[in-house]
Amino acid sequence: MPRDHAAGLEELAEDAGMRVFAAAQRLARALRNSAVPCEGVNFFLADGVAAGQEVFHVHLHVIPRTPGDGFRLKGRPRTPGREELDATAERVRAGIGNS
């Protein structure tokens, strides 16, 4: 969790984001080298209410995983077609130009 307040990723300074991810990498490595059952690691960051954000300060969850642990994130039950994916990519590229 960065020390400087940022409610969402858009407000987070890039250098703070790099430090958050570096800390998460160190923690993931520590989990794998510890007595905590951990055969894999998920990182989870919710940005916005629609993404499940409940605490409005950027933070990254580091979740140790084991086979059959039951952890799941519910996603969309459909897979978009190529045309929709291409249209979305174009909208994202336009958004990058506006950043």
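**View A. Contacts of Gln 53 in the loop between β1 and β2.** The backbone oxygen of Val 55 lies 3.1 Å from a polar atom of the Gln 53 side chain, and that side chain also reaches the backbone nitrogen of Gly 48, at 2.6 Å. Polar contacts are pairs of N or O atoms within 3.5 Å; within protein, one atom must be able to donate a hydrogen and the other to accept it, and residues adjacent in sequence count only if both atoms are side-chain atoms. This is a predicted model, in which local features need pLDDT of at least 70 and side-chain atom pairs count only at pLDDT 80 or more, whereas totals for chains, interfaces and linings use all residues. Residues are numbered from 1 along each chain as its sequence is written, and side-chain values use heavy atoms, with hydrogens and water left out. Gln 53 sits in the loop between β1 (40-44) and β2 (61-65); helices (H or I, at least four residues) and strands (E, at least two) are DSSP runs numbered from the N terminus. With a relative accessible area of 7%, Gln 53 is buried, where buried means under 20%, exposed over 50% and partly exposed in between (1.4 Å probe, protein chains only). Leaving aside residues up to four places away in sequence, Gln 53 touches Ala 7, Ala 46, Asp 47 and Gly 48, contact being heavy atoms within 4.5 Å.

**View B. His 59 in the loop between β1 and β2.** The side chain of His 59 reaches the backbone oxygen of His 57 at 2.6 Å and makes a polar contact of 3.2 Å with the side chain of His 61. Not counting residues up to four places away in sequence, His 59 touches Met 1, Phe 44 and Leu 45. His 59 and Leu 9 are 50 residues apart in sequence, and their C-alpha atoms are 9.4 Å apart in space.

**View C. The two sides of helix α1.** The buried residues of α1 are Ala 16, Val 20, Ala 24, Ala 28 and Leu 31. Seen down the helix axis, these residues fall within an arc of 115°, so they line one face of α1; the arc is that of the directions from the axis to the C-beta atoms. The buried residues pack against β1 and β2, while the face turned away from the buried side carries the exposed residues Glu 14, Met 18 and Arg 26.

**View D. The aromatic pair between α1 and β1.** The structure holds one aromatic pair. Phe 21 and Phe 43 form this edge-to-face pair, at 5.4 Å centre to centre and with 90° between the planes. Rings of Phe, Tyr and Trp (its six-membered ring) pair if their centres lie within 6.5 Å, and planes under 30 degrees apart count as stacked, over 60 as edge-to-face and the rest as tilted. Phe 21 is partly exposed, at 41% relative accessible area, and Phe 43 is likewise partly exposed, at 32%.

**View E. Salt bridges, including two within helices.** A salt bridge is a side-chain nitrogen of Lys or Arg within 4 Å of a carboxyl oxygen of Asp or Glu, and by this rule the count comes to four. Among them, Arg 19 pairs with Asp 15, the closest N and O atoms being 3.1 Å apart; these residues are four apart in α1, so about one helical turn separates them. Arg 65 and Asp 69 meet at 2.7 Å, N to O, and Asp 69 is partly exposed at 32% relative accessibility. Glu 90 and Arg 93 meet at 3.2 Å, N to O; they are three residues apart in helix α2 (residues 82-97), and so separated by about one helical turn.
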